[in-house]
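Morning, everyone. I'll put the model up, and then we'll walk through it from one contact outwards.

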Amino acid sequence: MNQADVWVEEGVEVAPPAWDKPGNRYGSVAGLDEDELASPDELERYALAAEWGPVLLLPKAKNGRYNPAWDWSVDVDYNAFASVDFDRTQPEFDRARYKADRLKEKLKDVLIMFAIVSERLPTAKYKVLKYVKQGLVEIEDIRNWDMQQLARLYLRARNLREEITRLREVSRRRQEQRLKATGWA
């Protein structure tokens with residue numbers, strides 16, 4: 001303990017009471033007055049500015065979509081929060097894109113299982129998969145169970161990729177049609 005932290009009462013050294021807190025718990029600097037030191041609030045502001053400054057300097061992403069809530073050249077009735085009708089500003093729900101995103105998650109799972117099963121087999125698996133892809137070998141004709149499962153997973157992954165590509169193309173065509181109908185394309 002410091003000499004300042006020790007009290008002497010009736011000839012016995014005792015610790016100061018808990019409610020008696022020291023004046024400056026952050027310490028001091030020799031040669032500076034207490035008024036010249038930074039306060040804890042000021043130190044916190046400097047620390048937050050150092051941590052979040054680069055994030056706050058990032059530019060705002062430019063969105064190519066038209067948003068009537070922020071286009072001041074159009075005469076639209078605004079409410080107190082500078083927004084317009086929610087349904088009018090939200091894009092239409094795209095079921096094809098939604099389904100493609102869900103299928104993409106399933107494809108990830110299938111590819112993980114494919115990698116796990118593929119590790120168990122020798123390199124001859126690529127010839128068997130090539131024959132399965134060409135239709136020369138049926139999956140039921142494969143005797144090795146691991147190879148049979150690998151072929152099933154391969155065909156499933158291929159079908160999922162084709163379905164995802166088809167759904168994204170449908171979504172893109174619908175979006176183009178909507179843009180042509182509104183006159184933006």
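Start at R97. In this predicted model, R97 has a relative accessibility of 43%, so R97 counts as partly exposed. Its partner is D94. The two side chains meet in a salt bridge, 3.6 Å from N to O. D94 sits on the other side of the cut-off. With a relative accessibility of 8%, D94 counts as buried. So this salt bridge joins a buried aspartate to a partly exposed arginine.

Stay in that stretch for a moment. F93 and Y98 form an aromatic pair. The whole structure holds 1 such pair. What is its geometry, in distance and angle? The ring centres are 5.5 Å apart, and the planes make an angle of 50 degrees. That pair is classed as tilted. How accessible are the two residues? F93 is exposed, at 56% relative accessible area. Y98 is partly exposed, at 43%.

Now the other salt bridges. The count for the structure is 8. I'll pick out a few.

Take D101 and R168. Their side chains meet in a salt bridge, 3.1 Å from N to O. Where do these residues sit in the chain? D101 is in helix α3, residues 95-119, and R168 is in helix α5. They are 67 residues apart, and the pair links distant parts of the chain. Both ends are partly exposed: D101 has 29% relative accessibility, and R168 has a relative accessible area of 36%.

Next, R120 and D146. This is a salt bridge too, with the closest N and O atoms 2.9 Å apart. R120 lies in the loop between α3 and α4, the latter being residues 125-134, while D146 is in helix α5; so the pair ties together parts that are 26 residues apart in sequence. Which end is buried, and which is partly exposed? R120 is partly exposed, with 49% relative accessible area. D146 is buried, at 18% relative accessibility.

One more item on salt bridges. E169, R172, R173 and E176 are joined into one network by salt bridges that share partners.

Back to D146, please. The contact between the side chains of D146 and R120, at 2.9 Å, also counts as a polar contact. What else does D146 touch, leaving aside neighbours within four places in sequence? The list is V117, R120 and L121.

D146 has a part in another feature as well. N144 caps the N-terminal end of α5. A side-chain oxygen of N144 lies 3.1 Å from the backbone nitrogen of D146. So put the two together. The backbone nitrogen of D146 faces the cap from N144, and the D146 side chain contacts R120.

A little further on in α5 is Q148. Buried or exposed? Q148 is buried, with a relative accessible area of 14%. Its contacts, again leaving aside neighbours within four places, are with I139, E140 and I142.

Now helix α5 from end to end. The helix runs over residues 145-182, which is 38 residues. From first C-alpha to last, α5 reaches 55 Å. The expected value at 1.5 Å a residue is 56 Å, and the helix is close to that. What follows α5? G183 does, and its phi is positive, near 85 degrees.

Compare helix α1. It covers residues 40-56, so 17 residues, and reaches 23 Å. Again that is close to expectation, which here is 24 Å. But α1 has a bend. At A50 the helix bends by about 40 degrees. A proline, P54, follows within four residues.

Last, the overall view. How many helices and strands are there? The protein chain has 5 helices and 2 strands. Along the sequence the pattern is β-β-α-α-α-α-α. The chain has 185 residues, and 18% of them count as buried. On contacts: of those with a separation of 6 or more, 47% come from residues 24 or more positions apart.

To recap the part to look at on screen: D101 to R168 connects α3 with α5, and R120 to D146 connects the loop between α3 and α4 with α5. Happy to take questions.

Key:
Residues numbered from 1 in each chain as written. Predicted model: local features only at pLDDT ≥ 70, side-chain atom pairs only at ≥ 80, totals over all residues. Heavy atoms only, no water. Expected span 1.5 Å × (residues − 1). Bend = angle between axes of the 7 residues up to and from the residue. Phe/Tyr/Trp six-rings, centres within 6.5 Å; stacked < 30°, edge-to-face > 60°. Buried < 20%, exposed > 50% of the residue type's maximum accessible area, 1.4 Å probe, protein only. Polar contact = N/O pair within 3.5 Å; in protein donor to acceptor, adjacent residues only side chain to side chain. Salt bridge = Lys/Arg side-chain N within 4 Å of Asp/Glu carboxyl O. Contact = heavy atoms within 4.5 Å.
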